[in-house]
Amino acid sequence: MSTLIALTAPLFLTSCATTPDVAAAPVAVATGTGGSAAGDFGPPVGEPIDAVLTQAPNVPDPTGRTEPATVVVELEVVEVVKPISDGVDYTFWTFGGDVPGSFIRIRQGDTVEFHLQNHPDSKMPHNIDLHAVTGPGGGAASSFTAPGHESQFTFKALNQGLYVYHCATAPVGMHVANGMYGLILVEPPEGLPPVDREYYVMQGDFYTVGPYHEKGLQPFDMQKAIEENATYVVFNGAEGSMVGDKALKAEVGETVRLYVGNGGPNLVSSFHVIGEIFDKVYYEGGTNYQENVQTTLIPAGGSAMVEYYVEAPGTYILVDHSIFRAFNKGALGMMKVEGDDALEIYSGKEVDSVYLAEKAEPNSAIADASAQLVAGEVSRDAQIAAGKSLYAGTCSTCHGGDGAGIAGVFPPLAGSDFLNEDPARAAGIVMNGLSGPVTVNGKEFASVMPPMSNLRDDEIANILTFVYSEWDNSGVTVTAAEVADIRDQTDRPPGAAH
């Protein structure tokens with residue numbers, strides 16, 4: 001007799017006392033834990049239960065049940081326009097109105113009665129494929145739903161684990177790329193070990209016609225998606241979804257469990273929390289775990305559960321450690337931990353503002369400038385405020401927060417004759433970079449400035465307008481249109497521009 005049979009036998013005996021039909025339930029025959037042969041604990045007991053669904057980053061409470069139940073899940077598909085970044089909107093296709101879709105939490109052995117509604121205003125038919133389903137299509141063939149209609153099907157959750165669900169209506173890639181994915185947790189019969197905090201984090205890659213940070217409503221770009229050339233890679237449906245007041249929260253001495261999914265549709269996630277080591281990683285969302293992990297791979301259409309104990313206060317940064325995705329495509333979040341200092345473990349800054357720059361907090365100045373630009377005209381004051389924040393992350397490392405530069409290495413921007421002589425040249429240098437030597441205020445500098453081709457025309461204009469407004473500089477205003485003209489007139493190597 002396997003260990004598994006010995007452990008599960010009392011559950012069958014308990015159920016027998018309340019439900020006579022349970023005697024006919026299949027007996028576990030597999031060794032190990034969590035397999036489908038062990039996951040049928042007989043018919044549901046008691047009245048149906050309505051599933052509690054939550055939006056990211058929230059997670060429903062544990063089921064707390066010791067017997068299988070019928071769990072009714074009602075999920076509505078809604079097509080909505082929402083921000084994907086400051087000043088950038090996107091038409092998301094969603095399960096439950098948000099990206100990712102609602103978190104579903106059930107117990108192994110439960111029977112799920114699934115109701116999928118498609119909002120009457122939807123333009124497309126949709127369905128759902130739950131990776132937790134044992135059966136062809138994962139529910140997709142049973143749930144094809146036209147706008148204004150509802151579908152229903154039933155499945156038994158035979159395998160414990162953390163599973164992705166997604167739309168599987170053709171073209172499947174387009175539906176997934178527009179945000180149609182989420183997570184369903186199938187708890188083991190005894191439940192998961194208790195922790196102090198649980199959060200729901202899901203990565204996705206998005207493909208827009210316009211480049212990163214181009215303002216306005218951005219359509220989906222099928223060719224970029226086919227080529228796997230993502231414009232945005234984000235957590236929970238938007239850049240900045242977990243920063244500032246929306247950051248995850250914990251306290252020193254607590255254990256945190258993150259349910260991390262990757263909707264894809266294309267990219268594998270290298271998930272990492274800067275400043276923490278994962279005590280446990282249930283890799284690929286399964287039963288087994290690895291210990292003392294720094295970064296874990298999460299495939300597209302896959303998941304992981306990561307746990308860690310928080311020893312020191314401060315701000316911890318969640319990233320895809322394919323690192324350009326974090327700082328140049330949006331895959332960055334935060335967990336803010338409060339509590340007493342633990343100087344014997346770590347002594348350092350709360351947040352390195354130069355390192356994180358405008359990503360450290362939702363920046364109303366950048367958002368205001370973006371909104372004004374979309375509306376047709378941006379004020380000089382709005383440019384200066386947005387430029388100040390962008391300068392902190394783009395320029396201050398070399399040129400200093402006070403514009404003084406570093407003697408003999410990086411030239412000053414404060415009172416710079418070279419800078420004030422030609423604003424158009426300055427814009428070109430920001431776009432294309434500059435290799436020395438260059439003479440500034442009578443001193444020669446021979447350092448190299450890399451091209452900042454990641455910056456949009458309005459961002460360059462805002463940075464320069466801020467710089468010209470400070471440190472006894474000329475006070476000129478640089479507009480996005482002027483920067484665009486300079487870009488058009490500049491010969492640049494392939495790949496150097498957006």
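**Helix packing, an internal cavity and local backbone features**

The residues that line the largest cavity divide into five nonpolar, three polar and one charged. The model in which this cavity occurs is a predicted one, and the structure holds two cavities of 30 Å³ or more. The largest of these contains about 50 Å³ of space, and its lining is formed by Ala 369, Ser 370, Leu 373, Val 378, Gln 383, Asp 458, Ala 461, Asn 462 and Ala 480. Two or more residues of this lining are given by each of the elements α6 (364–375) and α11.

Helix α11, which spans residues 457–469, also packs with helix α7, residues 380–394, at an angle of about 95 degrees, and the axes of the two helices are 7 Å apart. Since angles from 65 to 115 degrees count as roughly perpendicular, α7 and α11 are therefore roughly perpendicular to each other. On the α7 side the contact is made by Arg 380, Gln 383, Ile 384, Ala 386, Gly 387, Lys 388, Leu 390, Tyr 391 and Thr 394, and these residues meet Glu 459, Ala 461, Asn 462, Ile 463, Thr 465, Phe 466, Val 467 and Ser 469 of α11. By class, the residues of the contact of α7 with α11 comprise eight nonpolar, six polar and three charged. Gln 383 of α7, together with Ala 461 and Asn 462 of α11, takes part in this contact, and Gln 383, Ala 461 and Asn 462 are also among the residues that line the largest cavity.

A further contact of α11 is with α10, where the two helices pack at an angle of about 130 degrees with their axes 11 Å apart. That angle makes α10 oblique to α11, and the crossing of α10 and α11 is right-handed. Pro 423, Ala 426, Ala 427, Val 430 and Met 431 of α10 make the contact with Ile 460, Leu 464 and Tyr 468 of α11. The residues of the contact of α10 with α11 divide into eight nonpolar, no polar and no charged.

Helix α10 (residues 423–432) packs in addition with helix α12 (residues 480–488), at an angle of about 65 degrees and with the axes 10 Å apart. The helices α10 and α12 are therefore roughly perpendicular to each other, and α10 passes α12 in a right-handed crossing. In this contact Ala 424, Ala 427, Gly 428 and Met 431 of α10 meet Val 483, Ile 486 and Arg 487 of α12, and the residues involved divide into five nonpolar, one polar and one charged. Ala 427 and Met 431 of α10 thus appear both in the contact with α12 and in the contact with α11.

Local features of the backbone were also examined. The peptide bond that leads from Val 99 to Pro 100 is cis, with omega near 0 degrees, and Pro 100 is placed in the loop between β3 (88–95) and β4 (104–107). The peptide bond from Gly 264 to Pro 265 is likewise cis, with omega near 20 degrees, and Pro 265 has its place in the loop between β14 (255–264) and β15 (269–274). At Glu 228, a residue other than glycine, phi has a positive value near 60 degrees, and Glu 228 lies in the loop between α3 (222–226) and β12 (232–235).

How values were computed
Residues numbered from 1 in each chain as written. Predicted model: local features only at pLDDT ≥ 70, side-chain atom pairs only at ≥ 80, totals over all residues. Heavy atoms only, no water. Axes fitted to C-alpha atoms, helices over the stretch in contact; angles between N-to-C directions. Helix = DSSP H or I, 4+ residues; strand = E, 2+ residues; numbered from the N terminus. Parallel < 35°, antiparallel > 145°, perpendicular 65-115°, else oblique. Contact = heavy atoms within 4.5 Å. Nonpolar A, V, L, I, M, F, W, Y, C, P; charged D, E, K, R; others polar. 1 Å grid on protein atoms, 1.4 Å probe; cavity = no way out; pocket = protein on both sides within 12 Å on 5 of 7 lines; lining within 4 Å. Points joined across faces, edges and corners; volume = space filled by probe spheres on them. Left-handed = near helix turned anticlockwise from the far one by under 90°.
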